[in-house]
Structure formats: C-alpha cells, structure tokens
Amino acid sequence: MIRKMSALALLLAALSGLQARDGRPEPLETLHVVQVFDTNDEDLKESLVIDEKRMTKFWTKYIPSGRLNLITLTGEEAFPAGISQTLRALRRKVTPKDAVVFYFGGHGALIEKPGREQYHVIRFR
C-alpha cells in the first residue's frame with residue numbers, strides 16, 4: 001500500500017506539469033520511467049516479479065502510451081553497468097518538458113552520519 005501511495009504521489013507530481021513564464025502550467029510531453037528490479041536476489045525474486053507486474057500495470061493504466069517511455073531492467077540488466085548505460089542513453093532523449101521517475105525494487109540500507117541520513121542500494125549477487 002505504501003509503495004502504491006508513493007508511486008501515486010510521484011505520478012501526480014510528474015503530471016502536474018511545469019510552470020510556464022506566465023504562470024500557467026505546461027503539460028509534460030513524456031514521462032520516462034526507469035524501473036529496476038533486483039531479481040538476482042533469490043530471497044526477493046518472487047515478490048519483485050509481482051512488484052514489476054503491478055508497477056508496469058500502474059504506469060500503463062494512468063499514462064497514455066504516447067506519453068510514456070517505460071524501461072524495465074531485471075536480472076543481469078539490473079547491475080550497475082546496465083543501470084548506468086540505461087540512464088546515459090535516457091539522458092540524450094529527455095527534454096526540459098519531460099519528467100523522469102526512477103523506481104528501484106531490491107535491498108537498501110540506511111547509513112546514518114552526523115547531521116544527515118543516506119539510503120544506499122545494496123547489490124546482491
């Protein structure tokens with residue numbers, strides 16, 4: 001439920017558009033979604049396959065196909081090299097009138113440092 005609420009909040013923020021100079025919102029042209037699922041982790045694989053199906057259904061239900069660029073990385077594609085290559089290629093396609101959502105399903109960790117907290121993705125191999 002929390003994931004759906006978070007995804008919905010991201011969706012609403014992305015669809016709210018950009019502010020034009022005259023103050024009127026401009027609609028986004030394309031929503032680029034990069035969703036990464038660390039299905040190499042056998043402890044999480046079954047739930048991540050379900051999560052991938054649900055998130056794909058979510059994006060395709062609420063974003064018109066002509067305005068959605070959905071990229072899904074799983075298995076070996078979900079390693080740092082595949083993610084970096086995908087983001088570099090996407091960088092060449094994104095315009096100022098677009099929005100990008102990065103969604104990760106896998107392990108993470110909270111690392112607390114004085115004055116700040118940081119979440120890190122933990123690769124499992």
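# Briefing: a buried threonine, a covered strand and two cores

At 15% relative accessibility, Thr86 falls under the 20% cut-off, so this threonine counts as buried. That's a handy way into this model, which is a predicted one. The protein chain has 125 residues, and 29% of them count as buried. Below is a quick tour: Thr86, the overall layout, strand S3 with Gln35, the cores, the aromatic rings and one loop residue.

**Around Thr86**

- Thr86 sits in helix H3, which covers residues 80-91.
- A polar atom of the Thr86 side chain lies 2.8 Å from the backbone oxygen of Gly82.
- Leaving aside residues up to four places away in sequence, Thr86 touches Val34, Ile71 and Leu73.
- One of those partners, Val34, belongs to strand S3 and is buried too.

**Overall layout**

- The protein chain holds three helices and seven strands.
- Reading from the N terminus, the order of elements is α-β-β-β-α-β-α-β-β-β.
- Take the contacts in the protein chain with a separation of 6 or more: 64% of them are between residues 24 or more positions apart.
- The accessible surface of the protein chain is about 8,600 Å², and carbon and sulfur atoms own 56% of that.

**Strand S3, covered on both sides**

- How many of the residues of S3 are buried? Seven of its seven, so to speak a mostly covered strand.
- Side chains in a regular strand alternate between the two faces of the sheet.
- In S3, Leu31, Val33, Gln35 and Phe37 point one way, while His32, Val34 and Val36 point the other way, and all are buried.
- S3 runs parallel to strand S4 (residues 68-74), and seven bridges join the two.
- Within that pairing, Gln35 stands opposite Thr72 in S4.

**Gln35, a polar residue under cover**

- Gln35 lies in strand S3.
- Is Gln35 buried or exposed? Its relative accessibility is 0%, so Gln35 counts as buried.
- The side chain of Gln35 makes a polar contact of 2.8 Å with the side chain of Thr56.
- Another polar contact, of 3.3 Å, links the side chains of Gln35 and Trp59.
- Not counting residues up to four places away in sequence, Gln35 touches Glu52, Met55, Thr56, Trp59, Leu70, Ile71, Thr72, Leu73 and Tyr103.

**Nonpolar cores**

- The largest nonpolar core has 13 residues, and those with the most contacts inside it are Leu31, Val33, Phe37, Met55, Trp59, Leu68 and Val101.
- Strand S3 (31-37), helix H2 (45-62) and strand S5 (99-105) are the elements that give two or more residues to this core.
- H2 supplies the largest share, with four residues.
- Another core, of six residues, lies apart from the largest one and includes Val34, Val36, Leu73 and Leu90.
- Compare this with the strand: Leu31, Val33 and Phe37 point one way from S3, and Val34 and Val36 the other way.

**Aromatic rings in H2**

- A search of the whole structure turns up three aromatic pairs.
- One of them is Phe58 with Trp59: the ring centres are 5.1 Å apart and the planes meet at 75°, so this pair is edge-to-face.
- Phe58 also pairs with Tyr62, and here the geometry is tilted, at 5.3 Å centre to centre and 55° between the planes.
- Why are Phe58 and Tyr62 separated by about one helical turn? Because they are four residues apart in helix H2.
- Ring pairs tie Phe58, Trp59 and Tyr62 into a cluster.
- The members differ in cover: Trp59 counts as buried at 0% relative accessibility, Phe58 counts as buried at 13%, and Tyr62 counts as partly exposed at 43%.
- Trp59 turns up elsewhere as well, among the residues with the most contacts inside the largest core and as a polar partner of Gln35.

**A loop residue to look at**

- Leu28 lies in the loop between strand S2 (25-26) and S3.
- Although in a loop, Leu28 is buried, with a relative accessible area of 6%.
- Leu28 and Pro96 are 68 residues apart along the chain, and their C-alpha atoms are separated by 8.9 Å.

Conventions:
Residues are numbered from 1 along each chain as its sequence is written. This is a predicted model: local features need pLDDT of at least 70, side-chain atom pairs count only at pLDDT 80 or more; totals for chains, interfaces and linings use all residues. Side-chain values use heavy atoms; hydrogens and water are left out. A nonpolar core is a set of buried Ala, Val, Leu, Ile, Met, Phe, Trp, Tyr and Cys residues joined through side-chain atoms within 4.5 Å. Buried means under 20% relative accessible area, exposed over 50%, partly exposed in between (1.4 Å probe, protein chains only). Contact means heavy atoms within 4.5 Å. Accessible areas come from the Shrake-Rupley method with a 1.4 Å probe; for residues, only the protein chains shown count as cover. A polar contact is a pair of N or O atoms within 3.5 Å; within protein, one must be able to donate a hydrogen and the other to accept it, and residues adjacent in sequence count only if both atoms are side-chain atoms. Rings of Phe, Tyr and Trp (its six-membered ring) pair if their centres lie within 6.5 Å; planes under 30 degrees apart count as stacked, over 60 as edge-to-face and the rest as tilted. Two strands pair if DSSP finds at least two bridges between them.
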